[in-house]
Amino acid sequence: MDKLRGTGVALITPFTPAPDHAVDYPALRRLLDFNIDGGVEYLVINGTTAESPTTTAEEKAEILRVVKEHVAGRVPLVYGIGGNDTAGLETLLRTTDLTGITAILSASPAYNKPSQQGIIQHYLRLADLSPLPIILYNVPGRTSSNLTADTTLRLAQHPNIIGIKEASGNLEQCMAIAARRPEGFMLISGDDMLTTPMISFGAEGVISVLGNAYPKRMSDMTRLALQGDYAAATKLLFEFLPLNPLMYEEANPVGIKAVLEALGLCSPAARLPLLEASEGLKQRIQKLL
């Protein structure tokens with residue numbers, strides 16, 4: 001899976017301003033070009049940063065169609081199919097048109113708080129059925145459960161599970177995965193600010209939020225780290241330090257949408273229960289930009 005080594009961007013879904021909040025397809029096409037021209041290695045569509053919980057099945061299908069048509073093979077695409085209903089996800093894997101997609105990114109079940117054995121059985125069911133390789137996604141801050149290193153390594157034995165996007169923030173856990181993973185299993189940073197340290201002990205790159213607005217800088221930073229130039233990569237990483245916390249202050253993707261608005265790329269609109277960034281947050285972001 002060398003094509004997924006480097007910088008992937010968890011692409012937002014742009015919406016038109018209130019009151020419609022419809023999917024803004026012209027803005028989506030602009031964002032696709034902006035990120036591809038910025039040099040990212042791949043794009044993640046319909047992840048949680050894309051507000052997948054509040055887009056309809058019809059919108060998801062149309063977004064996927066538009067993305068595949070517009071990208072036209074210029075970069076690989078990863079598609080998000082995750083959730084807390086295993087049977088429902090099996091149906092999605094059977095019915096979604098996944099032609100032209102490289103892999104599935106699947107967040108661990110949220111809210112249910114399954115046991116580690118439940119998480120293992122959930123992913124094994126999906127991996128057995130999926131026509132594409134699966135990348136696990138561990139984000140305890142959103143799901144209220146953690147894929148332990150042992151759980152990840154158990155799942156890594158499945159031939160159709162090729163990696164994990166690790167957003168636990170627990171570097172010791174990430175190191176345990178890196179130290180004991182089978183050959184070819186990818187460790188991918190799910191936290192922009194931990195990308196360089198994770199690459200230093202074996203991660204293959206990042207699936208980035210900040211990359212939506214800074215594809216070139218994020219790609220340059222990741223490539224430098226992958227080349228072993230940690231000093232130069234860390235210098236670029238430190239440039240994001242003041243901005244990164246603001247991305248999550250009012251929930252993701254509220255912050256990054258405010259940055260994209262300031263850059264003239266799309267509206268800051270988000271769908272309820274999320275709101276667009278408050279004026280105070282927008283002003284602090286604008287000051288940093």
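Lys165 touches Leu105, Ile135, Leu136, Tyr137, Asn138, Ile188, Ser189, Gly190 and Ile207, with residues up to four places away in sequence not counted; contact here means heavy atoms within 4.5 Å. The model is predicted: local features need pLDDT of at least 70, side-chain atom pairs count only at pLDDT 80 or more, and totals for chains, interfaces and linings use all residues. Residues are numbered from 1 along each chain as its sequence is written, and side-chain values use heavy atoms, with hydrogens and water left out.

**Active-site annotation**

An unreviewed UniProt entry lists Tyr137 and Lys165 under "active site". Such positions are given in the numbering used here, feature names are shortened, and annotations may be inferred rather than shown by experiment. The two residues span 29 residues in sequence, yet no two of their C-alpha atoms are more than 4.7 Å apart, so they gather at one spot. Of these residues, Tyr137 is included in the lining of the largest pocket. A pocket is an open set of points on a 1 Å grid over the protein atoms alone, where a 1.4 Å probe fits, with protein on both sides within 12 Å along at least five of seven lines; lining residues have an atom within 4 Å of a point.

Not counting residues up to four places away in sequence, Tyr137 touches Thr48, Leu105, Ser106, Ala107, Ser108, Tyr123, Lys165 and Ala167.

**Binding-site annotation**

For "binding site", the unreviewed UniProt entry lists Thr49 and Ile207. Although spread over 159 residues of sequence, they cluster in space, with a largest C-alpha distance of 10.7 Å. The lining of the second largest pocket includes Thr49 and Ile207.

With residues up to four places away in sequence again left aside, Thr49 touches Ala10, Leu11, Ile12, Thr13, Val209, Asn212, Asn252 and Pro253. On the same basis, Ile207 is in contact with residues including Gly8, Ala10, Tyr42, Val44, Leu105 and Lys165.

**Location and burial**

The table gives the setting of each annotated residue. Helices (H or I, at least four residues) and strands (E, at least two) are DSSP runs numbered from the N terminus. Buried means under 20% relative accessible area, exposed over 50%, and partly exposed in between (1.4 Å probe, protein chains only).

| Residue | Location | Relative accessible area |
|---|---|---|
| Tyr137 | strand E5 (residues 134-138) | 9%, buried |
| Lys165 | strand E6 (residues 161-166) | 5%, buried |
| Thr49 | loop between strand E2 (42-45) and helix H2 (57-71) | 4%, buried |
| Ile207 | strand E8 (residues 205-208) | 1%, buried |
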